[in-house]
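Q: Please take a close look at one loop in this model. Start there, then work outward to whatever can be tied to it and on to the rest of the chain.

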Amino acid sequence: MFDTEFLDLPPLVEAGGTVRLPGSKSISNRVLLLAALAEGETLVQDLLDSDDTRVMLAALAQLGCRVELPASTGNTDGATRITGLGGALKDIRQAELFLGNAGTAMRPLTAALSLLGGEFELRGVPRMHERPIGDLVDALVQLGCEIDYLGNPGYPPLRIHPVAQEDLHLDAPIRVRGDVSSQFLTALLLALPLAAREQTITIEVVGELISKPYVEITLNLLARFGIAIERDGWSRFTIPAGSRYRSPGSIHVEADASSASYFIALGAIAPAMTGTDGIRIEGVGGDSIQGDIRFVEAARAMGAQIVSGPNWLQIRRGAWPLTAIDLDANHIPDAAMTLGVMALYADGPSTLRNIASWRVKETDRIDAMAAELRKLGAEVETGPDFIRIQPLAAGTWRAASIHTYDDHRVAMCFSLAAFNPDARPVRILDPKCVAKTFPDYFETLFAVCKPATVPVISIDGPTASGKGTLAAEVARQLGYHYLDSGALYRVTGLAARRAGLEPNESNETEIARIALHLPLEFIRGQVLLDGEDVGDDIRTEAAGMDASRVSALPAVRAALVDLQKRFRRLPGLVADGRDMGTVIFPDAPLKVFLTASAAHRAERRYKQLISKGISVTLDSLRLDLEARDARDMNRSTAPLKPAEDAKLLDNSEQSVVQSVDQVLQWWHQAQPFKSS
Ligand SMILES: Nc1ncnc2c1ncn2[C@@H]1O[C@H](COP(=O)(O)OP(=O)(O)O)[C@@H](O)[C@H]1O
Ligand SMILES: Nc1ccn([C@H]2C[C@H](O)[C@@H](COP(=O)(O)OP(=O)(O)O)O2)c(=O)n1
């Protein structure tokens, strides 16, 4: 996951390959609640691991359910094990639950806890306290439940007081509004079987029910847990007397169909990468129980070529430009946001109608989409329940810094703007908001996208000038990969020594052969040579000197070129060494040549080594360092020197923070982003 302040997507040109998507959020949280209410154990396969499921799991554990995560079950299939309450509270009768911004936890838990007869407080993040829940509370209060608003009436936080089952009024139909959010009806459907042991309960929906497919998921999953709800159209639902939650033993969570929408759109927008048949999605297919699977129809209407099987979808670009649509998107409210970005690539204005529910989601999504689409240059018109988007012609796209409103879907759908024909980069602010449903969204996207070019920042300079420190921090702040090219020469020097080879010209061919097949891995800050952590061995001054010697051998340098270039991956790279800007990445858009006086460098290295408990003298270090500078600068192949277009930075009198800020400032100045 990228937890950086922003993530810059360079212009993307093609896409292809297979993606496996995380489990559906809607299915995951419903299954968790049902498993918690059922008797006995439920094994949940492919549960989504995200912010919203974590708050649900934490709440269930607080209520006394046994929750065993995949790591603790030791299950190789990665299942989560829930031991339920069997329809009644056990020892815990009081709790204060924090539910983040998870509507799929807040609503059904409000209903279930109101019927379970304990004293509970339910809270969330500030945005959760702006998301309406009054219609659900009204329905529960009609029934005899006791619920107080702790902040604004109609919104969380809430306090639920215990009520005895016999005091509930279950004879008259329970009326609930269906035209604001179907989650209220879902909450009642999931929870009311708790009160239907002795008597049949009827729910009547007031107003036209929206988002019916989500209610279908609810009914489908209730059936899996032994509760057969009868429905009369979409206005009357009956829970038969004697209903009891029964664990199905094991249940599989389909991949999230809303998450699939970004990759379906990707296949529709991007030309297929050479050697691929477009995008293949695994984990969800045309027969999915999720309503958002009908995004497939909308994408087809816009021109995508889609074939599907039981658990897969295959998408290729068809019509181009895409065909504009005018769609009642009430049945796919979440996935329809993706259509909003696809509309930029269409042959005319597209209109998405009947989407008033967008206004009460993670943010007001109609306003948010309009504001961000306009930043890209689009003309957008909005109303209480619609949005109309004009496409963007080539030559009119702007590089925009996309505000994401703590809304995962805004972040994900705007990534698709990176395929614009004007090769403008797209900046996504607060990219970690995708953690709500798809923590590895950007990594998954990058794995199937081909960029026009991957940006590189090269940082070259003499030993102990602070290249590694600077490069690693710049990479961290930008979310870029980091190449410590010196480590490759250091490992080569070490491997040569271990093979009994003096690092000199007479062994050049042999050492180059070793370099070409280095069994080297960088894993979480560790440098592994043939699986062994050699981090400490390569950092000694002797290893630095050996590295300097092997690096003067042209055949060794040639052998390491491809390996270094392979580090250039999305979303970008910061590379430090001696020839990053001159030889390996000559097209790097920012090249820095970092220096500091020999005295400062010797002093820094001295402190660094002493702090590691390595005993050295300042004088010997300075001599070593000057000898290494001389060799690195005077060798015939790729000598240490600034690239012609490098920016020179002497950090003798600068702190690490100042050097980092300087490089980031150069980087930002070169970017085309205007407002944020
Ligand atoms: N601007 C700076 N001011 C003071 N010390 C620095 C600065 N940059 C780096 N250092 C310190 O100098 C030492 C050598 O830095 P390092 O990044 O290993 O250099 P290089 O990769 O160029 O050999 C480290 O202990 C580091 O913390
Ligand atoms: N791109 C590079 C990186 C390092 N080298 C050589 C030259 C250096 O003296 C050694 C060790 O590099 P490294 O960057 O790890 O050394 P310092 O940390 O700067 O002391 O490798 C090189 O020739 N080209």
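A: Ala-638 sits in the loop between α21 and β33 (647-650). Keep in mind that this is a predicted model. The backbone at Ala-638 stands out: its phi is near 45°, a positive value in a residue other than glycine. Is Ala-638 buried or exposed? Ala-638 counts as buried, because it has 20 C-beta neighbours inside 10 Å. The cut-off for buried is 20 or more.

Now step back to the helix before this loop. α21 (618-634) is one of the elements that give two or more residues to the shell around ligand 2, so start with that shell. Ligand 2 is surrounded by 18 residues, and the closest are Thr-463, Gly-486, Ser-548, Ser-551 and Gly-577. Two or more residues of this shell come from each of α14 (467-478), α15 (485-498), α17 (541-551) and α21 (618-634). By class, the shell around ligand 2 has four nonpolar, eight polar and six charged residues.

α14 leads on to the other ligand. It also supplies at least two residues of the shell around ligand 1, as do α20 (598-611) and α22 (656-669). Which residues come closest to ligand 1? They are Gly-466, Lys-467, Gly-468, Thr-469 and Arg-604, out of 15 that surround the ligand. The shell around ligand 1 holds two nonpolar, 10 polar and three charged residues.

Back to backbone details. Asp-46 also has a positive phi, about 60°, although it is not a glycine. Asp-46 belongs to the loop between β4 (41-45) and α2 (51-62). Asp-46 counts as buried because 22 C-beta neighbours lie inside 10 Å.

Two prolines follow a cis peptide bond. One bond runs from Leu-570 to Pro-571, with omega near 5°. Pro-571 falls in the loop between α18 (554-565) and β31 (573-577). Gly-577, listed among the closest residues to ligand 2, is the end residue of β31 (573-577). The other cis bond runs from Trp-320 to Pro-321, with omega near 0°. Pro-321 is placed in the loop between β18 (312-316) and β19 (326-328).

Next, helix packing. Two packed helices are described by the angle between their axes and the distance between the axes.

Take α2, the helix after the Asp-46 loop. The axes of α2 and helix α1 (residues 25-37) come within 10 Å and cross at roughly 5°. α1 and α2 are therefore roughly parallel to each other. On the α1 side, the contact uses Lys-25, Ser-28, Asn-29, Leu-32 and Ala-36. These meet Asp-52, Thr-53, Met-56, Leu-57 and Leu-60 in α2. The contact of α1 with α2 has five nonpolar, three polar and two charged residues.

Helix α6 offers two pairings. The first is with α4. Helix α4 (residues 103-116) and helix α6 (residues 183-191) pack at about 40°, and their axes are 8 Å apart. That angle makes α4 oblique to α6. The crossing of α4 past α6 is right-handed. From α4, the contact draws on Gly-103, Arg-107, Pro-108, Thr-110, Ala-111, Ala-112 and Leu-115. They meet Gln-183, Phe-184, Thr-186, Ala-187, Leu-188, Leu-190 and Ala-191 in α6. By class, the contact of α4 with α6 has nine nonpolar, four polar and one charged.

The second pairing is with α7. α6 and helix α7 (residues 212-224) pack at an angle of about 10°, with axes 9 Å apart. α6 and α7 are therefore roughly parallel to each other. α6 contributes Leu-185, Thr-186, Leu-189 and Leu-190 to the contact, and α7 contributes Tyr-214, Val-215, Thr-218 and Leu-222. The contact of α6 with α7 has six nonpolar, two polar and no charged residues. Thr-186 and Leu-190 appear in the contact with α4 and in the contact with α7.

Last, the whole chain. It has 22 helices and 33 strands. Its C-alpha atoms fill a box of roughly 95 × 60 × 45 Å along the principal axes. Of its 676 residues, 51% count as buried; Ala-638 and Asp-46 are among the buried residues. Consider contacts between residues at least 6 apart in sequence: 77% of them join residues at least 24 apart.

Technical notes:
Residues are numbered from 1 along each chain as its sequence is written. Chains are lettered from A and ligands numbered from 1 in the order in which they are written. This is a predicted model: local features need pLDDT of at least 70, side-chain atom pairs count only at pLDDT 80 or more; totals for chains, interfaces and linings use all residues. A residue is near a molecule or strand if its C-beta atom, placed from the backbone, lies within 6 Å of it. Helices (H or I, at least four residues) and strands (E, at least two) are DSSP runs, numbered from the N terminus. Ala, Val, Leu, Ile, Met, Phe, Trp, Tyr, Cys and Pro count as nonpolar, Asp, Glu, Lys and Arg as charged, and the others, Gly among them, as polar. A residue is buried if 20 or more other C-beta atoms lie within 10 Å of its own, exposed if 12 or fewer, and partly exposed in between; C-beta atoms are placed from the backbone. Axes are lines fitted to C-alpha atoms, for helices over the stretch in contact, and angles run from 0 to 180 degrees between N-to-C directions. Angles under 35 degrees count as roughly parallel, over 145 as roughly antiparallel, 65 to 115 as roughly perpendicular and the rest as oblique. A crossing is left-handed if the near helix is turned anticlockwise from the far one by less than a right angle, and right-handed if clockwise. Two residues are in contact if their C-beta atoms, placed from the backbone, lie within 7 Å.
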